[in-house]
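I set out to record what I looked up in this structure, entry by entry. The notes begin with the sheet, then turn to the core and the ligand.

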Amino acid sequence: MSAGGVLPRLEPARVAAEWEPAGATTVRAIFAPHPPHPRAVTQPSEHRQSARTVHIGVYHRPNRALRQREVCAMEQRRLAMAVTGAGGTRMARYVLSALVRDDRVGHVDLMVSANGRKLLAHEFGGAETDDPVSTLLGGQSPKVACWDPDREPAGPPSSGSYPFWGMVVVPCALGALARIAQGQANTLIERAADVCLKERHRLVLCVRETPFNLIHLRNMTQVTEAGAVVYPMIPTYYNVPQTVDQMFEEFTARLLGFLGLDQTDYYVWDVPGTAAHRERVGQR
Ligand SMILES: Cc1cc2nc3c(=O)[nH]c(=O)nc-3n(C[C@H](O)[C@H](O)[C@H](O)COP(=O)(O)O)c2cc1C
């Protein structure tokens with residue numbers, strides 16, 4: 001499937017829902033092209049030109065209104081990703097690149113905080129005013145829409161009605177974690193995280209700090225109890241990484257797998273057949 005970057009809308013008259021029996025999670029529907037969001041800082045450069053039939057995820061249970069109203073749905077996963085002001089923004093480059101490469105991901109709403117921009121500039125050697133998408137990907141992607149979380153608090157993931165699958169914050173500063181834990185929703189990052197929790201979407205917080213103080217630990221408990229997953233940026237060691245890049249790659253593969261986007265090339269304990277196992281452990 002081609003990269004989307006577009007919120008597909010179903011034309012009400014053309015919705016042809018075919019619910020499968022018990023526990024069905026797919027519906028067949030016809031998509032019409034939809035223009036890029038007018039307020040995105042970075043616009044997707046391509047969007048679909050013609051209607052077509054695809055399998056989509058379902059956001060509404062079948063009911064009488066299904067055929068009458070416009071239903072938002074997605075054929076590929078729509079994710080939000082935030083970069084906050086913590087060290088390790090290079091991990092964000094690996095993660096965003098992997099999401100963009102993955103055919104199962106149709107769209108990424110990227111949000112970079114002001115401190116995140118500081119860290120990007122510091123760790124990549126650019127300026128705080130640089131376009132984060134270019135910094136992270138080396139160019140634009142039709143899959144990625146970039147939002148300024150301070151100036152665009154009402155960007156798409158600020159609403160529970162927006163059909164996104166979940167959100168990953170990488171790296172997640174402990175200050176950002178604290179605000180999420182307290183339910184502060186002043187910026188688009190905090191609000192999107194808040195929406196994930198209330199809508200029971202997956203929220204994965206890749207915290208980066210060491211050591212943790214009691215406030216950090218309490219906030220981590222608080223977000224975990226609210227439904228988020230604290231996924232610290234701690235590398236694996238048993239794959240015997242030879243380079244820092246391998247650490248980033250391994251973490252990214254594991255993170256995407258955790259997000260439900262299973263990867264093939266990562267180290268599986270005691271399964272020497274995987275490429276990652278051969279390449280990495282074989283080098284010893
Ligand atoms: C240069 C710099 C490095 C930082 N590194 C970290 C870090 O590694 N981990 C962390 O939890 N906070 C770190 N901080 C603090 C966060 O940026 C701060 O708590 C901020 O409020 C995080 O949320 P924000 O990005 O949404 O503004 C750093 C700040 C600066 C200026």
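**Entry 1: the sheet**

I began with strand β4 (residues 77–83) and strand β5 (residues 105–112), which pair in the parallel sense over seven bridges. The model is a predicted one, and I read every entry below with that in view. To place one residue of this pairing, I looked up Leu79 and found that its bridge partner in β5 is Val108.

I then asked in what order the strands of the open sheet lie. Six strands form the sheet, in the order β6-β5-β4-β7-β8-β9, and the pairing is parallel. At the edges I found β6 (144–147) and β9 (229–230), each of which pairs on one side only.

**Entry 2: from β7 to β9**

I followed the sheet order onward to strand β7 (residues 166–172), which runs parallel to β8 and is joined to it by five bridges. Within this pairing, Cys172 stands opposite Val207 of β8.

Next I looked up how β8 meets β9: the two pair in the parallel sense over two bridges. Here Leu205 stands opposite Val230 in β9. I traced the chain between these strands and found that it leaves β8, passes through helix α6 (residues 214–226) and reaches β9 in a right-handed β-α-β crossover.

I also checked how far strand β8 (residues 202–207) is covered. Five of its six residues are buried, so I noted the strand as mostly covered.

**Entry 3: the nonpolar core**

Which residues have the most contacts inside the largest nonpolar core? They are Met81, Met167, Leu205 and Cys206, in a core of 59 residues. In general, nonpolar side chains tend to be buried together in soluble globular proteins.

I took Met81 as an example and set aside its neighbours within four places in sequence. Met81 is in contact with Val95, Leu96, Leu99, Val108, Leu110, Met167, Val168 and Val170. Two names recur from my earlier notes: Val108 is also the bridge partner of Leu79, and Met167 is also listed among the core residues with the most contacts.

**Entry 4: around the ligand**

I turned to the 16 residues around the ligand and asked which come nearest. They are Thr84, Gly85, Ser113, Ala173 and Gly175. Two elements, α2 (114–124) and α4 (174–181), give two or more residues to this shell. The largest share, four residues, comes from α2.

Finally, I sorted the shell by class and recorded six nonpolar, seven polar and three charged residues.

How values were computed
Residues numbered from 1 in each chain as written. Predicted model: local features only at pLDDT ≥ 70, side-chain atom pairs only at ≥ 80, totals over all residues. Near = placed C-beta within 6 Å. Nonpolar A, V, L, I, M, F, W, Y, C, P; charged D, E, K, R; others polar. Core = buried A, V, L, I, M, F, W, Y, C linked by C-beta atoms within 7 Å. Buried ≥ 20, exposed ≤ 12 C-beta atoms within 10 Å, placed from the backbone. Contact = placed C-beta atoms within 7 Å. Pairing = 2+ DSSP bridges. Right-handed = clockwise from strand over helix to strand, strands pointing away.
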